[in-house]
Amino acid sequence: MNIRVFVASACLCAVLFSCGAGKNKMNDLAVNLPIDSHIDLSKVVEDKAPVIINPGRFTVETVTYRLPRVIQGTYSVSDFGKYVDNFKAIDYDGNEMPVTEVDDNTWRIENAKSLDKITYSVNDTYDIETKGGIGGEQPFSPSGTNIESENYLLNLHGFIGYFDALKNNQYKLDVTAPVDFVRTSALQNISSRTSEDGKYITTSYAAPRYFDITDNPMMYGNLDVEEFQVGDIKIVLSVYSPNNIHTAASLKETIFNMMKAQKAYLGDINSTSRYDIYLYLSEGKEDSPKGFGALEHHTSTVVVLPESLDKDALAESMIDVVSHEFFHIVTPLSVHSEDVHYFDYNQPTFSKHLWMYEGVTEYFATLFQVDQGLVEKEDFYNKVMGKIKASKNYNDAMSFTIMSENVLKDTYKDEYINVYQKGALIGMCIDILMREESDGNRGVLSLMKELSNKYGKNKPFEDDKLIAEITEMTYPSVGEFLNTHVVGDLPIDYNEFFEKVGLETGETKIKANYIMMNNAPIVSGDGQKGTIFFTDAVLKNSFWVEQGAKPNDVIKSVNGTALTLMNANQVLQEVFMWKPGKEIDVVLGRNEEEISIKTTTTQGYTTGEGLIESEDATDAQIALRKAWIKS
C-alpha cells in the first residue's frame, strides 16, 4: 500500500498491549454522458452527508452500483459501502424503486431504464473508527472521511461510487457548502453559484473518469491554505488544526525547502504541474482519528498527524512522511503496471512490484536527504541500519514478488509493512550495483527516469516482463540480484554491498531516541496494574541515565498527562518525536517514591551495531561511496 505509517508507533503498541482489472466498454448508455454527482454539506445530519447520483438514461434492464471495497495505495480492505445509509433508487416519476443489496459495497437495480437517480447518506469513517468500527477492517485514517461542523475531509472514494461499465465516463461533481467555508481541491473547478439566500455556494468540478474522482481528495471548512511555487510545480498546502496550534504558514518553509531539495534530486523528472498536501491534525481526543501517516495520490497526499506535536517534531514528521509521498510522482504515476492502470475497486489484482512502488520510493525519500545535505551521512547510515534491523522482524526468506501479488491474503498481508524496510534496502542494493557497473554514473534514479521515458503515466508495463526489461536496460548483475533476492527468496547479505562502498558494520556510538533504541521500545506495560515502566534498556540510554532513571521505574505522567495503557500510544508517540532543547516534566514512580524530572532534553546516545566507514577502504571504494550518497 502506498500508505506511509509510523512503524515506531506500531512497535510500541505491540509491546505495550501484548501482556486495486481490465478495460470496460461503454455499452450501458445510449450516449456517453458525464455522471452527475452531488455532495451536500449544507444538509449534514448526525455527521451524515447526503449524496445524489444522476447517471443519465440507461438502455439496459439491470445495472450495478458500487462503492470501493479496496482503493489504490492501501493494499487492504476498506469496504466504503459500509458507511452508506438509506440507499434509494428513484424513477423518473419520483417513485422509489426496488434495490437489491448484493454485499457491503454493491447495489443492483432492476428496470434500470426507468432509473432517474440514486440517493444515499454517507457516514464519516473517523466517527465510526473511534467508536470501535462496524465490523471488519477499517479504512486507515488518511484514506478515510471526516464530516463535522468545522472540517470536512472528502476522500471522494468514500462518497462517490461507480457503475460497473461506466468507470471511464466523465464525472461532474457538485459540492454545496456554507459560503464561509474555505475549500481546496485539485479537481478542475468549472463553475460556482451562490444560493438565493446567499448562505451557500455550490462548486462544480470535472473529472475525466472515476479514477480521477478517487485520486483527488478535497478539504472544506475551517482550514488555512498556502500556495507557493517550487520550480515549475505549484504546491498547495491545506492544514486543519482544531485548536489552531499549527498553520500552513508555519509549515510553509519546511515544505518549500524539502520539496526544493526533492526537485533538485529528481532533476528532469517532471510529471505534475501541481501537488496538493492535505494535513489533518488529530486533536487526540477519544473521537479523534488515530491512524497516523499518509496516503499518496498521484498528485497529492492526505496526511494525518497528532496536533500535539511541537513545531520541530511536526516539521520532521512532514519531511519524513510527505517526502515519501511526493516521490510517488515517479512511481506509480510515471511507472506502473496494468494492475494499477486498470484498477478494479471491487476485486483488485495486485502487481508483483511493491519493491519498486513502495521500496524504491522509500529509498529515494531516505537517500535524497543526505544527497541534498538535509542530514549528515552518519544519520543516513543509521537509517539504513535501522531498516535492516526492522526488516528482520518479518520473513526475510519470502519472495517479495509473491508477497506483493498476494498482499490481501492472510499469509502475506502482515508482511506488507516490510516494503518500507527491506523494500527500500532492495532499492539501495540496485543503486550500488548500478553505480559499480557504470563507474558511478548510473543508479536507480537514472533507471526510474529511463522507465518513465519508456512508459509514462498513460502507458502501463506488463507485470511479468518488468524484471527482464530492467535487466536489459541495466546490467546482468542487476537481473541476477532481482531474480535471486526479489523474485527468489534468498535473504540479502548486505555486507557484500557495504563492502563495495567501503562501509562495514561494527559496535559504535549512535544517537538514541527518548523512547526507542535499536528499533525497540525501552518501555513495557503491566497489564494488571495498567502502568508503563522502563525496561533494563534504559541503562543504555545516556539521556535517561543522566536523569537518574532506572529499570522498573513507572512513568506516571509526561508533561502533566497521566500515562496509562489506554493513552500510551498517543503519549509515547509524542515522546518519540521529542528533539533536543525541549522542556519536559516527567514524573516517575519508584517503589513508594515519586521522582520529578524537570529538564531540557539533550541528545542521548547508546551503543549498538552501526554502519561505519572502513579505515581500510580503497580509493575506488571511497569514490563509489561518494557517487552513491552524493549522486
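The salt bridges of this predicted model come to 29 in the count. Side chains of opposite charge can pair when their charged atoms come close. The cut-off used here is 4 Å between a side-chain nitrogen of Lys or Arg and a carboxyl oxygen of Asp or Glu. A few of these pairs make a good way into the structure.

Start with E110 and R108. They form a salt bridge, and their closest N and O atoms are 3.4 Å apart. Are these two residues buried or exposed, or in between? E110 has a relative accessible area of 40%, so it counts as partly exposed. R108 has 32% relative accessibility and is therefore partly exposed too. Both values fall between the limits of 20% for buried and 50% for exposed.

K285 and E283 give another such pair. Their side chains meet in a salt bridge at 3.5 Å, N to O. K285 is partly exposed, because its relative accessibility is 47%. E283, at 31%, also counts as partly exposed.

Now look at K387 and E362. The closest N and O atoms of this salt bridge are 2.9 Å apart. Which parts of the chain does the pair link? K387 lies in helix α8, residues 377-391, and E362 lies in helix α7, residues 354-371. The two residues are 25 positions apart, and the pair links distant parts of the chain. Both K387 and E362 are buried. Some salt bridges also share partners. In this way D36, K172, D174 and R193 are joined into one network.

Step back to the charges as a whole. The protein chain carries 58 positive and 92 negative charges. The mean positions of these two sets are 2 Å apart.

What about the overall build? The chain has 631 residues, and for that number a compact globule would have a radius of gyration near 25 Å. The chain has 26 Å, which agrees with a compact globule. Along its principal axes, the C-alpha trace spans about 80 × 65 × 45 Å. Buried residues make up 58% of the chain. The accessible surface comes to about 25300 Å², and carbon and sulfur atoms account for 46% of that area. The chain holds 18 helices and 32 strands.

Four of those strands are worth tracing. They form an open sheet in the order β7-β8-β4-β12, with antiparallel pairing. Which strands stand at the edges? They are β7 and β12, each with a single partner strand, so one side of each has no neighbour in the sheet.

Follow the sheet from the β7 edge. Strand β7 covers residues 99-103, and strand β8 covers residues 106-109. Four bridges join these antiparallel strands. Together, β7 and β8 form a hairpin with two residues between them. Within this pair, T100 stands opposite R108 in β8. R108 has appeared before, as the salt-bridge partner of E110. At the other edge, strand β4, residues 63-66, pairs with β12 over two bridges, again in the antiparallel sense. Here R66 has Y162 in β12 as its bridge partner. In a regular strand the side chains alternate between the two faces of the sheet. Keep that in mind when you look along these strands.

The loops hold some details of the backbone. Most residues other than glycine have a negative phi, and most peptide bonds are trans. Where does this chain depart from those habits? One place is the bond between T331 and P332, a cis peptide bond with omega of about 20°. P332 sits in the loop between α5 and α6.

That loop also contains H328; the flanking helices are α5 (311-326) and α6 (338-341). H328 is buried, because its relative accessibility is 1%. H328 and A365 are 37 residues apart in sequence, yet their C-alpha atoms are 9.9 Å apart in space.

Positive phi values appear as well. D79 has a phi near 50°. D79 lies in the loop between β4 and β5 (84-91). Its relative accessibility is 12%, so D79 counts as buried. N559 likewise has a phi near 50°. N559 is in the loop between β28 (554-558) and β29 (561-562). With a relative accessible area of 36%, N559 is partly exposed.

Key
Residues are numbered from 1 along each chain as its sequence is written. This is a predicted model: local features need pLDDT of at least 70, side-chain atom pairs count only at pLDDT 80 or more; totals for chains, interfaces and linings use all residues. Side-chain values use heavy atoms; hydrogens and water are left out. The radius of gyration is taken over C-alpha atoms; the globule rule is 2.2 Å times the number of residues to the power 0.38. Buried means under 20% relative accessible area, exposed over 50%, partly exposed in between (1.4 Å probe, protein chains only). Accessible areas come from the Shrake-Rupley method with a 1.4 Å probe; for residues, only the protein chains shown count as cover. Lys and Arg count as positive and Asp and Glu as negative; His and the chain ends are not counted. The place of a charge is taken as NZ of Lys, CZ of Arg, CG of Asp or CD of Glu. Two strands pair if DSSP finds at least two bridges between them.
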